[in-house]
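The following exercises concern the contacts within and between the chains of the structure shown below. Each task is followed by a worked solution.

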Amino acid sequence: MKYLTPALLLVAALAASGCANRNNRGADSGMGAGAGAGVAGPVDPASNPASPQYFSQRIGDRVLFEVDQFTLTETGRATLNGQAEWLLTNADYRAVIEGHADEQGTREYNLALGSRRANAVREYLVSRGVPTGRLQTVTYGKERPLAICSEEACYAQNRRAVTVIAAGSIS
Amino acid sequence: MMTRSFQSLFDPAALGLALVSCALALILSLAPATPAFAQGGPLRLTITNPNVQPLPFAVPTFEAETPGAEQLAADISRVIAADLTGTGVFREIPATAFVSTVDSFAQPVAYTDWRTINAQALITGAVAVNGGQVTVKFRLYDVFSGTELGAGQQLVGTTDGWRRMAHKVADQVYSRITGEGGYFDSRVVFVAETGPKNDRRKRLAIMDYDGANVQYLTDSSSIVLAPRFSPLGDRVIYTSWDSGFPRINALDVGTVTRQQLATQQGEMSFSPRFSRDGRSVIYSLSNGGNTDIWRTDIGTGQHQRLTNAPSIETAPSLSPDGARIVFESDRSGTQQLYVMSATGGEPQRISFGEGRYGSPVWSPRGDLIAFTKQNAGRFHIGVMRTDGSEERLLTASFLDESPTWSPNGRVLMFTRETQGESGAPAIYSVDVSGRNLQRVDTPAAASDASWGPLQP
């Protein structure tokens, strides 16, 4: 993968200024990273429809799943319609789709389940016209929970697929 | 095949690693201490007996044969006692109950003094230190028969390897009394975890079976999961996200060099295990959302697809003879265990109880398969025969998973994670009978243990 374009460096700088959001940790681990906290200047990046911030905050970068399922919900498809439209409009960007599971399951199974969820999103985006070459999938299984209680309220947020926008083509 | 460019990513010295080289130079037998006059049957403890009573033993502090060896002699005696007590089938008689002492290793044993306090086994020993070299001698006595059980032995090693020497003595004692192979002189590779649940940092680490001598093998810059020892214990394979995607890495334990395993091309590969000869790796490959089991020959780089189904096939584990593979699949609609030929082919389902079954591991003895079971909101570690019969659940908690077998197939370690926002994993051990549940004493949160072989 190439990480050299100025646009991505800008994204990285914004993310770093938000909160601890290290590399390799799943780009959604810091909710609201780059959302403005500590960013100099009055302009909210999310107000620019061509910005990745707009994608993640206004369109919605994630879809949620039922327990042990990888079929997309009605709400999920609506979000993905918006994602597809954005990706078709902003052709300079690619996306990595992260598949996640809640903690109710074995590690190995959840890796496979996360892979199914990420792929369900990819297939849907492709069906809406996004070129496959701009989409990659990665599973994190249950390794990157967003909400940390051991209740359904948290599990529901963790059973997710997150579309992370990055600049440049897939090498 | 392995990628040819070795990446020396970690400098062992910089990480403070003093990897234990083989500390034991010599093991030799001593002449019998006393003539054997067996009265009645020899001392024998059948650990598979479900009603086994812990066998009382005494370990008087080993004699210091050289000036300054007192502390080491005391430490070695304590590790031997802890090893035996930790099995749950031995019980130590405290020194405060002794009616006599053993001042000299060479002295004849006063059996009546040990019978008085009902010590069935007596372990005596001596420790000498010369420079950096340690010599440990020990004898095991069957107190009620008034005989020595097996020959006395002498071990020579380096000072920093003293715990291994103690474990070797305890392994001998355990084996002679139970008739089983030992497991104390073994190491465990695992994942050391720090940080909160939503920002967990994971590092590969290695330790002695009892949690001592922890050394870190990777940093925490990317997620690492589920390390597995090679059959000889010289290499570890694990899953790492250091490329941004889950891929299988191999790491040489001695030199701490690692390399990415060139598995079949796919998006993601995980859940690896070595074959019994260490020459190939079986693992899961995920492509287009579908996960199947593959095998890659490390030497030739040849790949072989072992399952081909739209369902999830993962967590493969080979039988000790290398002929069969047990794995989990949700082809029936829920996670269940299946056994197939090591070359693939039609699998046979072996799990039929209520709930879901995952992470199966074939016992090194070949007789049992350990697994994780999820049922009615609880997780269990269980064992079943290799045809799926005689299922027994050994544990129950909010989250138990990932069993691994001791080298002798009598004990399992597994991961237990506690519930809630401050939930964290720890490694536990349990006897295959379900007795003797214990937390392994790791310095911080720990998961995904893989128990290595008995060291040479």
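**Exercise 1.** In this predicted model, determine how many residues of domain 1 of chain B are in contact with domain 2 of chain B, and characterise the interface.

*Solution.*
Step 1. The domain assignment of chain B places domain 1 at 31-178 and domain 2 at 187-454.
Step 2. Contact, taken as heavy atoms within 4.5 Å, links 13 residues of domain 1 of chain B with twelve residues of domain 2 of chain B.
Step 3. The centres of these two domains, taken over C-alpha atoms, are 36 Å apart.
Step 4. About 900 Å² is buried between domain 1 and domain 2 of chain B, with carbon and sulfur atoms giving 39% of that area.
Step 5. Seven residue pairs are in polar contact between the two domains of chain B, both residues being at pLDDT 80 or more. On the side of domain 1 of chain B that touches domain 2, α1 (70-86) and α3 (162-178) each supply at least two residues. The greatest contribution to that side comes from α3(B), with four residues. By class, the residues of that side are four nonpolar, six polar and three charged.

**Exercise 2.** Identify which side chains form the salt bridge between the two domains of chain B.

*Solution.*
Step 1. The rule finds one salt bridge across this interface.
Step 2. A salt bridge requires a Lys or Arg side-chain nitrogen within 4 Å of a carboxyl oxygen of Asp or Glu. The side chains of B:D210 and B:R163 form a salt bridge at 2.9 Å, N to O.

**Exercise 3.** Establish which strands stand at the edges of the open four-stranded sheet of chain B.

*Solution.*
Step 1. The strand order is β11-β10-β9-β32 (chain B), and the pairing is antiparallel.
Step 2. Strands β11 (215-216) and β32 (445-454) of chain B each have a single partner strand, so they stand at the edges, with one side of each lacking a neighbour in the sheet.
Step 3. Within the sheet, β9 (residues 186-194) and β10 (residues 201-208) of chain B pair over eight bridges; B:F190 stands opposite B:A205 in β10(B).

**Exercise 4.** Describe the interface of chain A and chain B, and state which three residues of chain A supply 20% of the area that chain A buries there.

*Solution.*
Step 1. In this interface, 34 residues of chain A are in contact with 47 residues of chain B.
Step 2. The two chains bury about 3,500 Å² between them, 51% of it on carbon and sulfur atoms. The three residues sought are A:R107, A:E108 and A:I148, which supply more than any other three.
Step 3. Eight salt bridges cross the interface of chain A and chain B. The side chains of B:R228 and A:E108 meet in a salt bridge at 3.3 Å, N to O.

Note on methods. Residues numbered from 1 in each chain as written. Chains lettered and ligands numbered in written order. Predicted model: local features only at pLDDT ≥ 70, side-chain atom pairs only at ≥ 80, totals over all residues. Heavy atoms only, no water. Pairing = 2+ DSSP bridges. Domains from an automatic or database assignment. Buried area = accessible area lost by both parts, 1.4 Å probe. Polar contact = N/O pair within 3.5 Å; in protein donor to acceptor, adjacent residues only side chain to side chain. Nonpolar A, V, L, I, M, F, W, Y, C, P; charged D, E, K, R; others polar.
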